[in-house]
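Me: I should like to learn how to read the features of a structural model. Please take me through one, step by step.

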Amino acid sequence: IIATLIDEGMGWALWGLARKTGVTRELKVRYLRPVLTEQEYVIHGWVERVEEGFAVVRSTVSDRRGRVAADGTAEWALISADK
């Protein structure tokens, strides 16, 4: 579930910040703190770079106090929006 949150944060960052869409080619996740049920978390995502055909994107899952519970980096294969 945490990896899915990380991946979704990246996908929305890629679309919202770079106006690109793609699919995850490779994903690396680090689990730093427990993620508890019935707690609120914030997902942040940002694009590190976009090159021909791919992008590198990062994301974090943080608790309400700003402590990062998990982070991830992924390489995305870019695809055209009509596909």
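Me: Which residue in β4 stands opposite V61?

Reply: The model is a predicted one. In it, A70 in β4 is the residue opposite V61. The strands concerned are β3, residues 54–63, and β4, residues 68–79, which run antiparallel and are joined by nine bridges.

Me: How many strands does the sheet have, and in what order do they stand?

Reply: Pairing is read from bridges, with at least two required between two strands. Here four strands form an open sheet in the order β1-β4-β3-β2, and the pairing is antiparallel. Because β1 and β2 each have a single partner strand, they stand at the edges, and one side of each lacks a neighbour in the sheet. On average, neighbouring strands are turned by 20 degrees against each other, direction ignored.

Me: Is S62 buried or exposed?

Reply: The cut-off needed is that buried means under 20% relative accessible area. S62, a residue of strand β3, has a relative accessibility of 7% and so counts as buried.

Me: Which residues is S62 in contact with, leaving aside its neighbours within four places in sequence?

Reply: S62 touches E40, Y41 and V42, and also R67, V68 and A69. Of the strands already introduced, β2 spans residues 41–51 and β4 spans residues 68–79.

Me: Where is R19 placed, and what is its phi?

Reply: The sign of phi is the point to read here. R19 has a phi near 55 degrees, a positive value in a residue other than glycine. R19 belongs to the loop between α1 (2–18) and β1 (21–31). With a relative accessible area of 56%, R19 is exposed, since the exposed class begins over 50%.

Me: What is the phi of E38, and where is E38 placed?

Reply: For E38, phi is near 65 degrees, again a positive value in a residue other than glycine. The loop between β1 and β2 holds E38, and this residue is exposed, at a relative accessible area of 81%.

Me: Which residues make the nonpolar surface patch?

Reply: A patch of this kind is read from nonpolar side chains with over 30% relative accessible area. In this model I1, L5 and I43 make a nonpolar surface patch of about 290 Å². L5 is in helix α1; its relative accessibility is 33%, so L5 counts as partly exposed.

Methods: Residues are numbered from 1 along each chain as its sequence is written. This is a predicted model: local features need pLDDT of at least 70, side-chain atom pairs count only at pLDDT 80 or more; totals for chains, interfaces and linings use all residues. Side-chain values use heavy atoms; hydrogens and water are left out. Helices (H or I, at least four residues) and strands (E, at least two) are DSSP runs, numbered from the N terminus. Buried means under 20% relative accessible area, exposed over 50%, partly exposed in between (1.4 Å probe, protein chains only). Contact means heavy atoms within 4.5 Å. Patches are made of residues with over 30% relative accessible area and no salt bridge: like charges are joined within 9 Å, nonpolar side chains (Val, Leu, Ile, Met, Phe, Trp, Tyr) within 5 Å. Accessible areas come from the Shrake-Rupley method with a 1.4 Å probe; for residues, only the protein chains shown count as cover. A salt bridge is a side-chain nitrogen of Lys or Arg within 4 Å of a carboxyl oxygen of Asp or Glu. Axes are lines fitted to C-alpha atoms, for helices over the stretch in contact, and angles run from 0 to 180 degrees between N-to-C directions.
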